[in-house]
Amino acid sequence: MTADRHARTMLPIPDRPSPGLTTFDAKDPDTSFPPIEPLLPPEGAPNVLIVLLDDVGFGASSAFGGPCATPSAERLAATGLTYNRFHTTALCAPTRQAMLTGRNHHSVGMGSITETATSAPGNSSLRPNTKAPLAMTLKLNGYSTAQFGKCHEVPVWQTSPMGPFDAWPTGGGGFETFYGFIGGENNQWDPALYDGTTPVEPPATAEEGYHLTEDLTDRAMSWVRQQKALMPDRPFFVYFAPGATHAPHHVPPEWIEKYAGRFDDGWDVERERTFARQVELGIVPAGTQLTERHAEIPAWDDMPAELKPVLARQMEVYAAFLEHTDHHVGRLLDTIEDLGVLENTLIYYIIGDNGASAEGTVNGAFNEMANFNGMAAVETPEFLLSKLDELGSPSSYNHYSVGWAWAMNSPLQWTKQVASHWGGTRNGTIVHWPDGIAEAGGLRSQFTHVIDVAPTVLQAAGVPEPAMVNGVQQSPMEGTSMLPTFNEPDLPEEHDLQYFEMFGNRGIYHRGWSAVTKHKTPWIMVGGTLPDFDDDVWELYDGRTDFSQAHDLAAEHPDVLARLQRLWLIEATKYGVLPLDDRGAERLEPSMAGRPTLIRGTSQQFFPGMGRLSENSVVSIKNKSFSVTAEVVVEASGAEGVIIAQGGRFGGWSFYAKGGRLTFVYNVLGIHHFVVGAEQPIPAGKHQLRVEFAYDGGGLAKGGDVTLFHDGAAVGSGRVAMTQPMVFSADETTDIGYESGTTVSADYTAATSRFRGKIHWVQIDLGDDDHDHVIDPEERLRIAMARQ
C-alpha cells in the first residue's frame with residue numbers, strides 16, 4: 001500500500017501547490033506541472049452502506065428468531081457477522097443523529113425527537129458545529145455520499161421551504177444526494193418527498209402501484225449504478241433509511257395474505273415461539289430466560305373476543321411490512337453484487353432504530369394520530385372491526401397493539417421510548433464485509449452502541465477522525481470502533497460504559513451490569529400521573545449471566561446499584577442529559593418549550609403557490625377561535641378548488657369552493673367530517689371570502705360554531721362538534737391554492753384541488769370575533785410590518 005499523501009485531520013484538506021520552475025511559454029521544454037489528481041480516500045477504503053430500519057424490535061426479524069421473514073438479513077448474516085448486543089437510544093431521531101455523528105444523542109442536542117425540542121442544550125435538536133457528521137468527513141475525504149429515506153434530524157423551525165438548510169442532508173449533513181422525507185414518519189402510499197431541498201411529488205399513485213420503500217430503493221439502485229459507472233475508483237457512502245416499519249404500516253395486500261391466520265394465537269404465544277427459535281438459533285445465550293409480561297400490557301386472553309380478528313390482522317400487516325422492506329433491501333444488495341463491489345462494501349444492516357413501537361395503544365389504531373391527540377377512545381372496537389379489511393391500505397394510517405410491540409421485543413422487557421430496558425434499546429445488527437471479515441456466519445456478543453458505527457467506518461476507510469472541519473475545532477467522537485471485533489470474536493469489549501435516557505426513562509451499563517429505572521409508559525401520551533424522579537424505583541441486572549434482564553438483583557446488591565446510580569449521574573452531567581424532562585404537551589408548544597418558531601403574533605399571511613408548509617411553519621389554530629380570510633377573483637364559470645388546506649385524509653381542515661359555493665370542512669382523524677357550506681354561490685369578480693370559527697372553550701379538543709362570509713356578509717353557518725388538540729398530521733402539509741398529498745375532503749383529489757380563478761392572498765387570524773371585518777390593503781401592510 002502506498003503512503004497517503006494527504007494530511008486528513010484538517011477538513012477540507014488544504015491545497016498545497018507544488019513549488020517549481022514557472023516558464024513563460026507553455027511550449028518551453030522545461031514546462032512541467034504534476035498531473036491533477038482527484039481527491040480520493042486512502043487506498044483500499046471500502047464502499048459503505050448503512051441500512052437503518054425503523055421501529056423494529058429485537059425479536060421481529062427471522063434473522064433474530066422472529067416471525068417476520070427477512071431473507072435478505074439472513075443472507076447477510078450467513079456470510080457476515082451477527083451482533084446480538086448492539087444498542088440504540090430508544091427513539092428514532094436521537095438514534096439517527098448519534099449514529100451519523102459518533103456521539104451520544106444529548107451531546108448532539110437530540111435528547112428526544114425534534115418536535116419536543118427545548119432550549120436545554122441536550123434537547124435543543126441543534127447539532128453543534130464541533131461535531132461534524134460522518135457523511136461530511138467522508139465527503140471531504142473523497143467519498144461519494146448519498147442518503148435515501150428518512151431524515152428526522154432537522155429542527156422543526158427549519159423545515160419550511162425557506163430552511164435554513166444547515167441541518168438538511170444536502171446542506172450541512174454531508175450528503176451530495178438526498179431523496180426522501182423530512183420528519184418522523186410518512187404515508188407510504190402518498191409521501192411528502194424532497195429531492196435535495198426541493199419538494200417533489202411521488203412519480204406514481206397508489207392506484208398505479210406506488211409504494212415509498214420501492215421508490216427509495218429504485219433511486220438508491222440507480223444512484224449506485226451511476227456512481228460506479230462514472231466514478232469506479234471512488235468509493236461510495238450510502239445511507240439507506242426507508243422509514244419502514246414505522247407506522248403507518250402500509251404494504252400491498254398480496255404481502256399481507258402470506259401471513260393470514262399466522263398470529264391468531266396472540267402475542268403471549270407468539271412471544272414464546274420467538275424465544276424458542278432464538279434459543280435454537282443461538283441468538284440468545286444458553287440460560288437466557290423469557291422476561292415476564294408487565295401488568296400494563298394486557299394478556300391476549302383478556303382482550304375482547306370481538307377485537308381479536310382486528311388485533312391478529314394488525315400483526316399480519318406489520319409482518320408483511322417488514323418482509324416487504326427486507327425484500328427491497330435485498331434488491332439494493334443485488335445491485336451492489338451485480339456491480340462486482342459487494343466484497344469490498346462494508347454493510348451495516350441495523351434492524352431498528354429502537355425497540356418495537358408501543359405507541360399504537362392497547363387496541364391498536366386505524367389512525368395512529370388518534371393517540372397522539374389523546375383521542376384514542378374515538379376508535380371504538382366496533383369502529384376498528386369495521387376497518388379490518390382496510391388495514392395497510394391507502395385509506396388507513398394504522399398501527400398495531402402494545403401487545404404486539406412487546407412480543408416483537410422477545411425476550412426483552414418493554415418497548416420503544418423505554419431507554420431503561422433492553423426492549424427499548426437492543427436492536428439486532430448484521431455487519432457484512434468479505435474483504436475485511438474472515439469469518440462467515442459468526443456471532444459477536446460484545447456490548448456495542450450506535451455511536452460506535454461512525455468510528456468503525458472511519459477506521460475501516462483508513463480515515464482519521466478530523467480535528468478540524470470547516471475551520472471549527474472538533475470534539476472527539478464518543479463511540480468506540482467495532483473493527484477489532486470483526487476478526488477477534490472473543491476480544492474483550494471496549495465499549496464498557498454507556499448511559500441511556502429518554503423522557504425520564506434511564507439506565508446505565510458498566511462492565512456487564514445494568515442499573516435501570518422506567519419512569520414513563522410510552523402509550524400514555526396524554527394524562528396519567530408521573531412519579532417524581534427521586535421516587536423512581538431502580539432495578540439491577542447482571543448481564544454476564546442475564547442476557548434479557550430477567551432477574552432484578554437490586555435487593556441483593558444495593559452497593560452495586562448505588563455505584564451505578566452515581567455513575568449514571570456523572571455520565572448524564574458529562575453529556576448534557578440534565579435537566580431531566582418528562583413533560584408532554586408542554587414540549588409541543590414552542591413558547592413553553594423555549595424553542596424558536598417561524599410564526600410571531602396572531603396573524604399569518606400566505607400567497608398563492610405556497611405549499612408543503614409543515615405544521616410548525618403555520619400559526620396554530622388548535623384549541624382557539626380563528627378566522628381565515630382570502631382575497632380572490634372568481635371567473636364567470638364560477639369558483640372551484642382549494643383556497644387553503646392543512647393536513648389531509650387523516651386529520652385537518654380545508655377552506656375551498658365546490659360547485660361555486662364556499663365550503664369549510666374540519667376533518668377529525670378521518671373519522672368525523674364536519675362540513676359547513678354557503679347557501680349561495682360566490683359571484684364572479686373580486687371578493688373577500690372568510691370563515692370564522694368560534695371555539696367553545698373550556699378545555700382541549702372542544703367544538704365551535706362556524707360562519708361563512710362573502711365580503712363581510714354571512715352566507716352560511718354550521719357546527720364543528722370536536723377538534724384535534726395536538727397535531728393534525730406527521731407528514732401532511734399546508735398548501736395555498738391547491739392541496740398536495742392526501743386531501744382533507746372527499747370533495748376533491750390532489751389532481752382536482754387547484755383553485756380555478758385567482759388568489760391574491762390568504763390570511764389566518766387568531767381570536768378575532770368581528771364577523772363583519774374586511775381586511776383592506778393598508779391593514780395588510782400594517783400586519784406584515786408588525787410581524788417583522
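**Strands, odd backbone spots and a pocket**

Reader: What stands opposite D195 in strand 8?

Author: T198 does. Strand here means a DSSP run of E, at least two residues; a helix is a run of H or I, at least four, and both are numbered from the N terminus.

Reader: What is the model, and how is it filtered?

Author: It is predicted: local features need pLDDT of at least 70, side-chain atom pairs 80 or more, while totals for chains, interfaces and linings use all residues. Residues count from 1 along each chain as written, and side-chain values use heavy atoms, without hydrogens or water.

Reader: Back to strand 8. How does it run against strand 7, and how many bridges join them?

Author: Antiparallel, with three bridges. Strand 7 is residues 193-195.

Reader: Which sheet are they in?

Author: An open sheet of ten strands. The order is 8-7-6-5-9-2-10-11-3-12, with mixed pairing. Strands pair if DSSP finds at least two bridges between them.

Reader: Which strands stand at the edges there?

Author: Strand 8 (198-200) and strand 12 (442-444). Each has a single partner strand, so one side of each is left without a neighbour in the sheet.

Reader: Which other sheet can you give me? What's its order?

Author: An open one of five strands, ordered 25-24-23-22-29. Its pairing is antiparallel. Strand 25 (672-677) and strand 29 (734-736) are the edge strands, and each pairs on one side only.

Reader: Inside that order, how many bridges join strand 23 to strand 24?

Author: Seven, and the two strands run antiparallel. Strand 23 covers residues 651-658, and strand 24 covers 661-668.

Reader: What does K658 pair with in strand 24?

Author: R661 is the bridge partner of K658.

Reader: Switching to backbone oddities. Which peptide bond involving P164 is cis?

Author: The one from G163 to P164, with omega near 0°. P164 sits in the loop between strand 5 (144-151) and strand 6 (177-182). Strands 5 and 6 are neighbours in the order of the ten-stranded sheet.

Reader: And what about A244 and T245?

Author: A cis peptide bond joins them too, and omega is about 15°. T245 is in the loop between strand 9 (236-241) and helix 5 (253-257).

Reader: What about phi at D55?

Author: It is positive, near 60°, in a residue other than glycine. Most residues other than glycine have a negative phi, and most peptide bonds are trans. D55 is in the loop between strand 2 (47-52) and helix 1 (71-79).

Reader: Zoom out. How is the chain divided into domains?

Author: Domain 1 is 60-230 + 241-505, domain 2 is 506-588 and domain 3 is 603-786. The bounds come from an automatic or database assignment.

Reader: How many Å separate the centres of domain 2 and domain 3?

Author: 46 Å, taken over C-alpha atoms.

Reader: Where does the second largest pocket lie?

Author: Between domain 1 and domain 3, because both give residues to its lining. A pocket is an open set of points on a 1 Å grid over the protein atoms alone where a 1.4 Å probe fits, with protein on both sides within 12 Å along at least five of seven lines; lining residues have an atom within 4 Å of a point.

Reader: How many residues line it, and which lie nearest its centre?

Author: 37 residues line the second largest pocket. D190, R649, G741, T742 and A750 lie nearest its centre.
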